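These notebook entries record what I looked up in one protein structure. I worked from the whole chain towards single residues.

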Amino acid sequence: MEYLRQSLLALRARLGVFAVLGNHDDKAVHLSAKVRVRAVLEECGVRVLENEALAFVGDLTGRKSSSSTKSPTNQSDSLWRTVLPGSEFDPATKFYLVGLGDPYRGYFAPEQVLPHLPQQENIPTLVMSHNPDTAARLARYRVDLQLSGHSHGGQIRLPFVGPLLPYFGRLFDTFPVLATLNKTTQTIWRQAHTVNNWTWASGLHNVPRTTDEQQPLDQDTPCNRLYTNRGLGTHPPLRLFCEPELSYFRLTNHNNKRRPI
């Protein structure tokens, strides 16, 4: 993280810079990794969210909305308000931003956050969740846009086929002995099981909302939206037909599409 410090310090955004941690930010072999990564991010002005929700109560110029009922203590508080269980709806809220923990390390806990958001039909909810597989568990909640990564897009893809890793995964699941032949096959087996739903490995997807029983509500059920970024790094260092990616989204008000959110 130290060599990334200068790049992180260069990040600028009117409304703030936010992040969630992933599985490699908290490796079991480095017990202090999560603390160190989070410390460097926060030193660089990046706010790390873990099973937390914020309500944006400012305006698009970065000023506090005059209709907010809260009294801020600093500039950050003037734009964002932490949403806690039992919080009342702030009429100045423009949207919610939710950051969730990583499921691989057992930190993913949407039930601590999403049920407690004061829901309003015209207030969208944006969720940052490192692993796209979490979209299945989030389908019981309203998520207008989920931003994920983790998969690297599969790293090795073929035209009209997609990522090859799920094919290796099915092969190794059918013939488990193949996964133990050498370090290379062991690595491929691990990578193949990095994601459960490889159809969500990259790009934009509709995820039908479900009941608590994980059944679609009906044929007209609304969908959550999931976008999975292919990322910049690789592990191992190889990409084929899977370019690195930085994503830019222009979010617009449904009632005024010329005005970005």
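The entries below begin with the overall make-up and end with individual backbone features.

**Entry 1: Overall make-up**

I noted at the outset that this is a predicted model. I counted the secondary structure and found six helices and 13 strands in the protein. I then looked up burial: of the 261 residues, 42% count as buried. The accessible surface comes to about 15,300 Å². Carbon and sulfur atoms account for 56% of that surface. I also checked how far along the chain the contacting residues lie from each other. Among contacts between residues at least 6 apart in sequence, 59% join residues at least 24 apart.

**Entry 2: The seven-stranded sheet**

I recalled first that strands of a sheet pair through backbone hydrogen bonds, either parallel or antiparallel. In what order do the strands of the open sheet stand? I read the order as β4-β3-β5-β6-β7-β11-β10, seven strands with mixed pairing. β4 (80–82) and β10 (203–208) stand at the edges, and each has a single partner strand, so one side of each is left without a neighbour in the sheet. The twist averages 25° from one strand to the next.

**Entry 3: Strand β5 and its two partners**

I turned next to β5, which covers residues 95–99. Are its residues mostly covered or mostly uncovered? Five of its five residues are buried, and the strand is mostly covered. I looked at where the side chains go: Phe95, Leu97 and Gly99 point one way, while Tyr96 and Val98 point the other way. The residues on both sides are buried.

On one side β5 pairs with β3 in the antiparallel sense, over five bridges. As an example I took alanine 53, whose bridge partner in β5 is valine 98. β5 also pairs with β6, and here the two strands run parallel and are joined by four bridges. In this pair tyrosine 96 has threonine 125 of β6 as its bridge partner. I concluded that β5 takes part in an antiparallel pairing with β3 and a parallel pairing with β6.

**Entry 4: From β6 to β11**

I followed the sheet onward. β6 (residues 125–128) and β7 (residues 145–148) run parallel and are joined by three bridges. Leucine 126 has leucine 145 of β7 as its bridge partner. β7 is also joined to β11 (residues 223–228) by three bridges, again in a parallel arrangement. Here leucine 147 is matched with tyrosine 227 of β11.

**Entry 5: Arginine 142, before β7**

I located arginine 142 in the loop between α4 (134–138) and β7. Its C-alpha atom is 8.6 Å from that of proline 124, a residue 18 places away along the chain. Which residues does arginine 142 touch, leaving aside its neighbours within four places in sequence? I listed Gln119, Gln120, Glu121, Ile123, Pro124, Thr125, Arg209 and Asn224.

**Entry 6: The helix pair α5 and α6**

Two packed helices are described by the angle between their axes and the distance between the axes. I looked up both values for α5 (residues 165–174) and α6 (residues 183–192): the axes come within 8 Å and cross at roughly 110°. Angles of 65 to 115 degrees count as roughly perpendicular, and α5 and α6 are therefore placed in that class. The crossing is left-handed. From α5, the contact is made by Leu165, Phe168, Gly169, Phe172 and Asp173. From α6, Thr185, Ile188, Trp189, Gln191 and Ala192 take part.

**Entry 7: Backbone exceptions**

Most residues other than glycine have a negative phi, and most peptide bonds are trans. I searched for exceptions to both tendencies.

Asparagine 51 has a phi near 55°, a positive value. I found this residue in the loop between β2 (46–48) and β3 (52–56). Is asparagine 51 buried or exposed? Buried means under 20% relative accessible area, so asparagine 51, at 14%, counts as buried.

Glutamine 155 also has a positive phi, near 65°. Glutamine 155 lies in the loop between β7 and β8 (157–158). With a relative accessible area of 7%, glutamine 155 is buried.

The last exception concerns a peptide bond. The bond from histidine 235 to proline 236 is cis, with omega near 0°. I placed proline 236 in the loop between β11 and β12 (252–253).

Terms used. Residues numbered from 1 in each chain as written. Predicted model: local features only at pLDDT ≥ 70, side-chain atom pairs only at ≥ 80, totals over all residues. Heavy atoms only, no water. Buried < 20%, exposed > 50% of the residue type's maximum accessible area, 1.4 Å probe, protein only. Contact = heavy atoms within 4.5 Å. Areas by Shrake-Rupley, 256 points an atom, 1.4 Å probe, with all protein chains shown as cover. Pairing = 2+ DSSP bridges. Axes fitted to C-alpha atoms, helices over the stretch in contact; angles between N-to-C directions. Parallel < 35°, antiparallel > 145°, perpendicular 65-115°, else oblique. Left-handed = near helix turned anticlockwise from the far one by under 90°.
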